[in-house]
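Work through the following exercises with the sequence and the model side by side. Each task is followed by a solution that proceeds step by step.

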Amino acid sequence: MSRGESPDGGASPRGTLRDFVAAAEQLQVDGLALIKGASSANSLDEVRTTLVGRKQGRLTDLMKGLPALPPEERRDAGAALNRVKTALEEALDAQAAVVASSARADGPRVDLSMPSRMQYTGAKHPVTLVIEEIVEIFRMLGFTVAAGPEAETDWYNFTALNFPPNHPAMDAHDTIYLADDVVLRTHTSPVQIRTLQEYKPPVRVVIPGNVYRLDPFDASHAPMFAQIEGLSVDEGVSFVDLKATLSHFANEFFGATKTRFRPSYFPFTEPSAEMDVECRLCKGAGCAACKGTGWMEILGAGMVHPNVLTASGVDSERYTGWAFGMGPARIALQRYGIPDIRLLYDSDVRFLEQLAR
Ligand code: DAH
């Protein structure tokens, strides 16, 4: 240890300029290493106090040695101290910025105490819910699901279904024609033909799908709507099967309910019927929704006409069948007490979210 150096590297009161500058340079080397090693705001604060703290920092200690130097050397010694001070302070500030930015990167990125933002989740449309429920009831009875095209030929949509020539349904006022003999199907019944062409009896299918008619858009009509077709063909199938199955369906879907069958007419069934359920809204008393009758018509049905079986390539001497067609939108109105069918097509979230599941 040379004269003028204290054991801790600081300058002694009786040091020379050389010792003094060497001590200052040593402080800068030590200090920069300490600063680099400070990885948190707290430890950097401590290092700052140790190095440049006003009361007992190492720089202050060195400064206290200045008066012991010969007066002509004090200026150079002071300049050396200032250079060290500047270097240390710059390094302290730079490290402070590094520490702050890494604290931001490591810290929690989300404030878990913040209330969450409202999330919209998708939900099924009420008509979709009704279709799924109906299909499920028939699935339990051994029916499978079939589908067919929405752009359909004249033959499948009308001819094979035993429509007499010039039936009003074939009129351009009622039906949307894409070409001379191609229509947007007016019902799901053509899929009866397609199914029977493809599968041999016994056949039991339900056929959900969209259909199109040149109908006005009003409280109870829409130019596009969903239907569910049903078809059961086998040996020995009778009207008893039709009635029993559809009554079972009504009780499953609506809960124990009164049903009634009224005679009707469709070209593709003989005999034909329409099924009503007691109005859910007024319990049979009569209200605006059921037009005062106490009954709501939910489907058309009947025994499949032999001409339809023949057109599909099925032996109508050996096999018989029954079929139905219903409108799930109308059924949704009943189920949910909706007064206007257009609400189902508006896609207004304020309406739909009341029924969302
Ligand atoms: N296709 C008929 C319609 O759209 C509904 C219908 C009635 C379908 C009786 C059937 C049925 O299968 O047997 O109005």
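**Exercise 1. Establish which polar contact the side chain of Thr186 makes with Asn157, and describe the setting of Thr186.**

The side chains of Thr186 and Asn157 are joined by a polar contact of 3.0 Å, where the term denotes a pair of N or O atoms within 3.5 Å, one of which, within protein, must be able to donate a hydrogen and the other to accept it, residues adjacent in sequence counting only if both atoms are side-chain atoms. The model is a predicted one, in which local features need pLDDT of at least 70 and side-chain atom pairs count only at pLDDT 80 or more, while totals for chains, interfaces and linings use all residues. Residues are numbered from 1 along each chain as its sequence is written, and side-chain values use heavy atoms, with hydrogens and water left out.

Next, locate the residue: Thr186 belongs to the loop between strand 4 and helix 7, helices (H or I, at least four residues) and strands (E, at least two) being DSSP runs numbered from the N terminus. Thr186 counts as buried because its relative accessibility is 6%, the class being under 20% relative accessible area, against over 50% for exposed and in between for partly exposed (1.4 Å probe, protein chains only). Finally, leaving out residues up to four places away in sequence, Thr186 touches Asn157, Phe158, Thr175, Val211, Tyr212 and Arg213, a contact meaning heavy atoms within 4.5 Å.

**Exercise 2. Decide whether His187 is buried or exposed, and trace its polar partners.**

His187 is placed in the loop between strand 4 (182-184) and helix 7 (190-198), and it is buried because its relative accessible area is 7%. Its side chain reaches the backbone oxygen of Asn157 at 3.0 Å, and a polar contact of 3.5 Å links the side chains of His187 and Ser189.

**Exercise 3. Describe how the protein surrounds the ligand.**

Begin with the shell: 15 residues surround the ligand, and the closest are His187, Ser189, Arg213, Gln227 and Glu229, a residue being included if one of its heavy atoms lies within 4 Å. Then take the polar pairs, in which an N or O atom in the side chain of Ser189 is 3.0 Å from a nitrogen atom of the ligand, a polar side-chain atom of Arg213 lies 2.7 Å from an oxygen atom of the ligand, and an N or O atom in the side chain of Glu229 is 2.6 Å from an oxygen atom of the ligand. Of the 350 Å² of accessible area that the ligand has on its own, the protein covers 89%, as computed by the Shrake-Rupley method with a 1.4 Å probe. Strand 6 (224-234), strand 9 (295-304) and strand 10 (320-326) are the elements that give two or more residues to the shell.

**Exercise 4. Place strand 9 among its pairing partners.**

Strand 9 pairs with strand 8 (residues 269-278) in the antiparallel sense over 8 bridges, pairing requiring that DSSP finds at least two bridges between the strands. Within strand 9, Trp295 stands opposite Glu278. On strand 10, which runs antiparallel to strand 9 and is joined to it by 5 bridges, Met326 is the bridge partner of Leu299. Strand 9 is mostly covered, with 8 of its 10 residues buried.
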